[in-house]
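Me: I would like to go through this structure slowly, one question at a time. Please reason each answer out before you settle on it.

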Amino acid sequence: MIWGIFKRDMCHATRNVIAVIVSMGLVVVPALYAWFNIAASWDPYGNTKALKVAVANNDKGYKSDLIPVRVNVGETIISTLHANDQLDWQFVKSDKAIDGVKSGEYYAAIVIPKGFSADMMTLFSPDIKHAQLKYYLNEKINPIAPHITDQGATTVVNTIDKTFAKTIAQVGLDLASSILHYSQSPQMAEYMRNLNGNLTTTADTLSGASQQVTSYSQLLGSANDIVDSTGKLLASATKAGKQAQNALKQGKSGATSLTSAGANVTSSVNTALDQVSGAFDQVAAKVNKAFDAIGKDSDTAASQLATLSEQISSGESLYDTYITSLNHMRESVEQLPDSDSAKQALLEAIDREITLLEAAKGDSQKLAQQLKDASTQVTQDTAAAERSRKEILNRITSAKQSISNVRDDYATNVKPKIDALASTVSTLISQTDSMITQLSGTADGLDDVTGDVGTNVTSIRSTLGAIAKKLDSSAATVKELITKLETGGNAGDGNSDGGDGDNDADSGESDELRALATANASTLSTLISAPVALHRVSVYPIANYGSAMAPFYTILSIWVGAIILCAMLKVTISDREKAHVLGLGDTLPRIPGPSGPGNASRWGLRLDHEYFGRYAIFALLALLQGTLVCLGDTYFLGVQANHALQFLAVGWLAALVFSNIVYTLTVSFGDIGKAVAVVLLVMQVAGSGGTFPIETLPKFFQMLYPFLPFPHAIDAMHAAMAGSYGNEYLLDMVYLALFLIPSLLLGLVLRKPVIRLNNWVSRNLESTKVM
């Protein structure tokens, strides 16, 4: 029965020329649908040269002290794009570029702002600004063009980043290389030797200043001891008042001498200290004047400093005058009775005062020597002379302050006590008891004064001690710097013979720096600008975009072919055809009930016979459709097919499955079934993953994905084209074939209960005379 139906259908399809042409058209139309789409999308991303993208450069450039060349990133971009053929770059003014995007003349526009280079160079300033390109895009012209032009804009940005990084790296490497070459020159070696000599002189000067400050501190301490000794002397005098009466009377001539000596000492001290203080003021002014003249007349400045040195040396006589006065005072004190317990303490205090003055005299000699050394340095090294100037002024200030403190201390404490002592001794000669009382009161008052003096002197000495430590620390730092410079110079020379491990390490680092600086700066800067390169490894490579899209359009055309077959061919068998197949003539005997599928079953033509008999011509034409479209893909368009037979087998199986599904829907539900087939087509175009990955689609399509035939047919065709992973191809073919089960179940079993309903719907549609 099935063969009889198929044979009559083939006779009808080939009975005349029109039928043959229509049959051929049914086979060819789906193939044309696939071929046109595949050919149109063969290499769309390789043909972007016609897409017009405007570029406008308003960059004004930038120049700084750090990079002494003018930088114009905008010009670099324009030069790079002239050599780029990804897109049709149009170099125009910014106004025309923006207007062209709005009018549709250009798909996109890139505008480089005026301060683009300046913003990029803020990388080297605290206030960093992000350089921005203005990108204008017309998104209504085409849905794909914006993504292509975005890729072009991204290329521009990447080019800018690489060029900028390369430029900065190359400048840095060139600078390092120049510094290294200069550091190895004889001129640099001479500079290093001069620098070491000057630093050594500076360290010695700092050490000498520290010693001088320490001496001033000791002088103040000795003066404080004199005050303490004087207080003790007066205290002893009050305790031994009665015993001193006879001694004072006997020593009248000694007391008179002491009074005279005290007055002479006071006058000598005031004169000497005032002269020393004034002399320091004059020295400081003349030192400044001499150093100010260094840049104009170094010889005059040197002469002035030498003169100052001689003046200070000649001022040593003031110290001698003071010391002589103290010696006279000492001789007067020695005339006091030996029984006086304060005599020895006063002598010791005077001896200490003489010692301190001799130390101060030595400090002045050192200052004179330092001025003399500075007069020599003026003509040799201006930088060292300026440092000597500051050090000499600091030493003069410290010396002046020390002398001023000694003078004030003497005027406030020592002089009143000496005068009181002399007056008390004179009065004692005439009125012993009154003298003793006065001495007691003086001693009591002196306790408070000496306490205050001691506190002040202790504070001053603490400050001077801190200054001395700072000077020592500075001297040590300078000496350490000298050592490092010498070590660095040796390492730079590469002489590691006999050196320790640190020198070897330094030499190794110097060798690495030298190797880096002598390397090709352009190559290194290129590596720094793009340290990572992408090595593309294709797994199951596809030759081109057309081949990649071929499975989707091929499978889609086969489904469209199945719908065309059902639209052009009848899916039901008329009663006349049934009668001819059964051998009953031209008319099927009348039986009660409406005509339709299954009404000839009493004569042996069952429903399954009708189903498969009419489906046979559908299957034949569908196989021809699948064969033609697959062979055309492979041999006409040149689509990649590593396994051509497997590729063809996918087309055959898809043709059988799709034609059976559409045929079954049409047989079961008539025109409604055709509409359902179209709905399934639309759903599979969106949810098959043929164009976009299924993971990028909405959740509904991701859930529907496994239950549609398109994805499995497309995956099987991909495996046939590029290669299969394991049993991937066979599994996809099995999954595709499984869709025949529900289709046959519907066509052979589930269709029976709805036949009467479908007939009723068909009669009502026909009664409208429109449908």
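Me: Is A619 buried or exposed?
Reply: This is a predicted model, in which local features need pLDDT of at least 70, side-chain atom pairs count only at pLDDT 80 or more, and totals for chains, interfaces and linings use all residues. Residues are numbered from 1 along each chain as its sequence is written, and side-chain values use heavy atoms, with hydrogens and water left out. A residue is called buried under 20% relative accessible area, exposed over 50% and partly exposed in between, using a 1.4 Å probe and protein chains only. A619 has a relative accessible area of 11%, and therefore A619 is buried.

Me: In which helix does A619 lie?
Reply: Helices here are DSSP runs of H or I with at least four residues, strands are runs of E with at least two, and both are numbered from the N terminus. The run of residues 607–637 contains A619, and this helix is α19.

Me: Which residues does Q684 touch, not counting residues up to four places away in sequence?
Reply: Q684 lies in helix α21, which covers residues 671–687, and its relative accessibility is 0%, so Q684 counts as buried. With contact taken as heavy atoms within 4.5 Å, and with residues up to four places away in sequence not counted, the residues touched by Q684 are W559, L708, P709 and F710.

Me: What is the order of the strands in the open sheet of 4 strands?
Reply: Two strands pair if DSSP finds at least two bridges between them. Strand β1 (residues 52–57) is joined to β2 (residues 88–91) by 4 bridges in the parallel sense, and β1 also pairs with β3 (residues 108–112) in the parallel sense, over 5 bridges. β3 and β4 pair in the antiparallel sense over 4 bridges. The pairing is thus mixed, and the order is β2-β1-β3-β4.

Me: Which strands stand at the edges, and why is one side of each left without a neighbour in the sheet?
Reply: In the order β2-β1-β3-β4, an edge strand has a single partner strand, so one side of it is left without a neighbour in the sheet. The strands at the edges are β2 and β4 (134–137).

Me: Which residue in β4 stands opposite I110?
Reply: I110 belongs to β3, where I110 stands opposite V55. On the β4 side, the residue opposite I110 is Y135.
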